[in-house]
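Biologist: Got a minute to walk me through this one? I'd like to start with how you sort residues by burial.

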Amino acid sequence: MLKNIARAELWLSHFCRNLSELTDVIYTLEKAEVDVQILHQQDQPTGPGVVFFDHPSALEAVAAYVNAIAPLCGQQIIAVSLSALPKGTAWKLLNAGASDVFVWNAAEKPVESITARLRYWEKAKQQLQHLHQVLIGKSKIWHATLRQIAEMASASCPVLLLGESGTGKELITREIHALDPRPHKQDLVVVDCTTIVPGLSGSELFGHEKGAFTNAISTRDGAFALANGGTLFLDELGELPAPLQAELLRVLQEGTYKRVGSNTWRKTDFRLISATNRNLTEDVKSGHFRQDLFYRVSGYLCRLPPLRERREDIPLLVDHFLQHDHHKHQHVDPEVYEYLSVRDFPGNVRELQQLVSRIANKHMGDGPFTLGDIPEADRPVFGDAEHLPGKGELEQAVKRLFYAGVGLKDLKDMVTAFAKEIAIEDKNGNIKEAAQQLGCSERILQMHKKTDAPNPYLRGI
Ligand SMILES: Nc1ncnc2c1ncn2[C@@H]1O[C@H](COP(=O)(O)OP(=O)(O)OP(=O)(O)O)[C@@H](O)[C@H]1O
C-alpha cells in the first residue's frame, strides 16, 4: 500500500505551458496516495520534490532553478519532463543537482519511479535523524558524512572507512550494522588486524582444528565463521600481513575458507566493513597493500573528518559526553567551550571524551562548569608557544608555506596580517581594543585596515 508513503512538494512555476496535462499528472500522483504539496517559484522548498516542465526550451531555466534549490532540499529533486527531451539533455539537470530525470510519457512506470524515490528518501530521513542522536555533530561536513553513512547502510557493498584514530570508525560501523536492512541479519564481529599473531596463520580469521599448532587444544571457529550472515569489521585493515591479504581476497571472491589445519572448504557470507588510519592509496603505490584487495574492500569509501575540521561540533560533543557519560546537565560557561574549541585534539573525539571525563570528575557540586574545572595538566601554558592550542596546525601551515618557497619575511607578514585581522574581528571592529589586546599602536591597525588585502596564500592553509 502506498498510503501516506511520503510527502512530496511539487515545485511549479512557469516551466509548464500545458496546465491541464499537469493537473492530470498531479491527480494521478494523488490517486497513488502521494501527499502532494504544491509550491510556487517564490516558495522555499523544505523537503523532497518534483519539478515538472513541458518544453525543452525551459531546460536552461529549470537547470538554474534546480541548482538554486538543490542545497535547500539536499538534492532530493526529481525533474520530470511532460514532453520529449532531446537526447543527452538529462545530464544538464543531473549536473545541476537533480537526482533523477525522466520523461513522464516515456517512463515505464512514472508513478512508481516517483513513489519509490520518495519512499527511499523518507527512510533515509528517519535513518539520518537516528544517526544524529548517536553520532553527535551538526557541522556541514558531519551532516554530509552522516548522509553518506545512511546511504552506505542500505547498500550491500563493502565499506572502507578512512579516518584518524578516535574519529568514530568503530561507532559508525556499529550504526551501519544496526541500520543494515538484511532480513535475519546475524551479529557484528570485530577483528583488530594489529592483534593478529603472524605465527598462527590467521587462525583469528579462519579458525583452527584441534592440534593445528601448539596450544590449539580444541577446534575453534574464526571470525569468518562467526560473521556468517552478519557483518565483519576489520579494524586497522592496513596492518593486515601480506599473506593474509591474499587469503582475505580469496574469501571475498569465493566465499569459502579453510580452518587452519583442515582440508575442508567451508562457506561464509558476511558484509565487510574495514577501517584504517593509514593512507591506503600510498600503501598500494608502495606495494604494502594489494591493489586488487583495495578495490574489493572499497565498494563504498568514506573519509571521516578529524575533529579539527569540525570544531563547531565541540560544544555539542561536550554536552553529549557530560550528559550521556556522566549524567551532568549543568550549564557550561562559554569560556570552557571556547577553550575546548581551539585546543588541539590529535586523538580526535576520543581525546575530547577523555578530557570531558576529567573535567566532570573534577567538578564539584551542582554549579555550572567553569574554566576552573579544567584539570591543571590540561590547561594552556601561556607564554610557552610549544603548548599553545593550535600549535600543531600552525606548524603544518608553516611547513606547507616553507615547502612552497615562501621566505621568512613573507611568512612574518602573513602571520602579522592574520593576527591583526583576528583581533579586529574579535573586538567587532574596535581598533583601540584590538590594539590593546595585541600590544601595538592603533596606527598600525588603522594602516592594516586600509592597506592589507587578504593574503591569497593564507586562504588555502
Ligand atoms: N560523533 C561522535 N559522537 C559521539 N561519540 C563519538 C563520536 N565519534 C566518536 N565518538 C566516541 O569516541 C570514542 C572513539 O570512537 P571510535 O572507537 O569509534 O573511534 P575509532 O576511529 O574507531 O578509533 P581507533 O582508530 O583508535 O580505533 C568512542 O568512545 C566513541 O563513542
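Modeller: Sure. A residue counts as exposed if 12 or fewer other C-beta atoms lie within 10 Å of its own, and as buried if 20 or more do. Keep in mind that this is a predicted model.

Biologist: OK, so which exposed residues sit on the face of H1 turned away from its buried side?

Modeller: That face carries Ser20, Thr23, Tyr27, Glu30 and Lys31.

Biologist: And which residues of H1 are buried?

Modeller: Leu22, Val25 and Leu29. Looking down the axis of H1, the buried residues fall within an arc of 60°, so they line one face of the helix.

Biologist: Why would that spacing work?

Modeller: An α-helix has 3.6 residues a turn, so residues three or four places apart point the same way.

Biologist: What do the buried residues of H1 pack against?

Modeller: Strand S2 (35–39), strand S3 (49–53) and helix H4 (110–134).

Biologist: How does the span of H1 look?

Modeller: H1 covers residues 19–31, and at 1.5 Å a residue its 13 residues should span 18 Å; the end C-alpha atoms are 18 Å apart, which agrees. Just after H1, Glu33 has a positive phi of about 70°.

Biologist: Switching topic: what's the strand order in the five-stranded open sheet?

Modeller: S7-S8-S11-S6-S12, with parallel pairing. S7 (188–192) and S12 (300–303) are the edge strands, each pairing on one side only. On average, neighbouring strands here are turned by 15° against each other, ignoring direction.

Biologist: How many bridges link S7 and S8?

Modeller: Five, in the parallel sense, with S8 spanning residues 231–235. Val190 has Phe233 in S8 as its bridge partner.

Technical notes:
Residues are numbered from 1 along each chain as its sequence is written. This is a predicted model: local features need pLDDT of at least 70, side-chain atom pairs count only at pLDDT 80 or more; totals for chains, interfaces and linings use all residues. Two strands pair if DSSP finds at least two bridges between them. Helices (H or I, at least four residues) and strands (E, at least two) are DSSP runs, numbered from the N terminus. Axes are lines fitted to C-alpha atoms, for helices over the stretch in contact, and angles run from 0 to 180 degrees between N-to-C directions. The expected span of a helix is 1.5 Å times one less than its number of residues. The arc is that of the directions from the helix axis to the C-beta atoms. Two residues are in contact if their C-beta atoms, placed from the backbone, lie within 7 Å.
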